[in-house]
Amino acid sequence: MGVPGPLRGLRVVEVASLAPAPFACTVLSDLGAEVLRVDRADRVPAAPPADPPPDPLARGRRSVGVDLKRPEGVAAVLRLVERADVLVEGFRPGVCERLGLGPDVCLARNPRLVYGRLSGYGQDGPLAPRAGHDITYLAISGALWPVGPADRPPVPPLNYVADFGGGGMLLVAGVLAALWERERSGRGQVVDAAMAEGSVLMTAMLHGFRAVGMWRDDRGSNLLDGAAPFYSCYTCADGRYVAVGALEPQFYAALLTGLGLDDEDVPDRHDRANWPALRDRFAAVFATRTRDGWAEVFGASDACVAPVLSPAEAVDHPHLRARRAFVDVAGLPQPAPAPRLSRTPGSVAGPAPHAGQHTTEALLDWGFTAEEVDALRATGAAR
């Protein structure tokens, strides 16, 4: 699509799958890569819809509809592989091999290909063939246990950690690392990104804390898991919430000032036995104003106090507006590309396509002749 960005000129074939791998491809697209998504032919609508799908995880790429159960369809994807720098797939181990699109076949067609694989448990090991979701990967990684109140079961942090942080983002990191290595060796390789292992990596700091006695495995008893009254959330007069992160002494002093308190008004925070009483004191004060009232009180302060916004409210936050953290895509707000580069910034290449929207034009751009495209359509291998 010719989008300016640091990855301009990079060609990515995405075999359509669920959220984590598409998220990785959105990041690559936002940074300038040309991403071509291979959608299932049976998902191509009979008539093009009037509006594009409002899906940030599918934006910025073109879509071809291909029937991978037909040998002609598989052969067509292998033709695309020959011209690609990267292939991304997000299936259970063995699925692409059964389709005839495994890494051995693809790398034989294109030895420079970086073959990115994203799965729950990785390509081997006892759990590799098992189904799972973010919550199950977090469960075995040790990342889920510390999240939530002490007197109730752990609370899943949506699917931020395993699917997107430990999965999609680490797949992007692995792909970029393999591309950098290819500059020296001239050879591609397989990137095996597992969401369970990515979740383990996310717990690195926690393991460091445990090693020096700074973390206990009792949920809700540690500095960063909600137990500390100066690192927690509070209910305001209107039933909405503020988040407090006043860890350092100077930030804690600013917190007390904003609350109209001083050291003599509250128990010593360094004694954990005082934490319940300190929490009660803070809760009583925060309950006297609305959330936005407290946001105004702490707006110019380094107390590390912030209003807890809903996703809809975040779109209109003044700082996020000033930084253009959200962009308009086909009339809807979506998260903007990140991170920011000074000389070759990323951008959204366009809205999400419907399945098969660009089959003819994309195949032509990727080296097929018009006659070959017509033949694929005639056999039902492409739509």
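# A guided tour of the predicted model

The protein contains 15 helices and eleven strands. The coordinates come from a predicted model. With the whole chain in view, the C-alpha trace extends over about 85 × 45 × 40 Å along its principal axes. Of its 383 residues, 42% count as buried. Among contacts with a separation of 6 or more, 69% join residues that lie 24 or more positions apart.

**First stop: the largest pocket**

Select A16, S17, L18, G90 and F91 and centre the view on them. The largest pocket has a volume of about 1100 Å³, and these five are the closest to its centre among the 46 residues that line it. Next, colour β1 (11-15), α1 (20-30), β2 (34-40), β3 (61-66), α3 (95-99), β5 (114-119) and α5 (134-141); each of these elements supplies at least two residues of the lining. The largest share, four residues, comes from β2. Colouring the lining by residue class gives 26 nonpolar, six polar and 14 charged residues.

**Second stop: the second largest pocket**

Keep α1 displayed and add F23, P56, L57, Y160 and P335. These residues lie nearest the centre of the second largest pocket, which 19 residues line. Two or more lining residues come from each of α1, α6 (160-185), α12 (311-314) and β11 (332-335). Here α1 makes the largest contribution, with four residues. The space in this pocket amounts to about 630 Å³, and its lining divides into 14 nonpolar, two polar and three charged residues.

**Third stop: the nonpolar cores**

Hide the pocket selections and select L10, V12, A33, V86, V88, V114 and L171. Within the largest nonpolar core, which has 30 residues, these have the most contacts. Two or more of the core residues come from each of α1, β4 (86-89), β5, α5, α6, β6 (189-194) and α7 (195-202). Of these elements, α6 gives the most, with six residues.

Zoom in on V114 and display its surroundings. Not counting residues up to four places away in sequence, V114 touches D85, V86, L87, V175, A178, L179, Q189 and V191. A second, separate core has 28 residues; V66, C106, A362 and L363 are among them.

**Fourth stop: helix α2**

Select residues 71-82. This range is helix α2, whose twelve residues reach 17 Å from the first C-alpha to the last, close to the 16 Å expected at 1.5 Å a residue. Which residues of α2 are buried? Those to highlight are G73, V74, A76, V77, L78, L80 and V81.

**Last stop: R383**

Move to the segment after α15 (370-379), where R383 is found. Is R383 buried, partly exposed or exposed? R383 is partly exposed because its relative accessible area is 34%, which falls between the cut-offs of 20% for buried and 50% for exposed.

To see what surrounds R383, select A41, D42, V44, P45, A46, G65, G356, T359 and R377. R383 is in contact with each of these residues, its neighbours within four places in sequence being left aside. A distance label between the C-alpha atoms of R383 and V44 should read 6.8 Å, although the two residues are 339 residues apart along the chain.

Conventions
Residues numbered from 1 in each chain as written. Predicted model: local features only at pLDDT ≥ 70, side-chain atom pairs only at ≥ 80, totals over all residues. Heavy atoms only, no water. Expected span 1.5 Å × (residues − 1). Buried < 20%, exposed > 50% of the residue type's maximum accessible area, 1.4 Å probe, protein only. 1 Å grid on protein atoms, 1.4 Å probe; cavity = no way out; pocket = protein on both sides within 12 Å on 5 of 7 lines; lining within 4 Å. Points joined across faces, edges and corners; volume = space filled by probe spheres on them. Nonpolar A, V, L, I, M, F, W, Y, C, P; charged D, E, K, R; others polar. Core = buried A, V, L, I, M, F, W, Y, C linked by side-chain atoms within 4.5 Å. Contact = heavy atoms within 4.5 Å.
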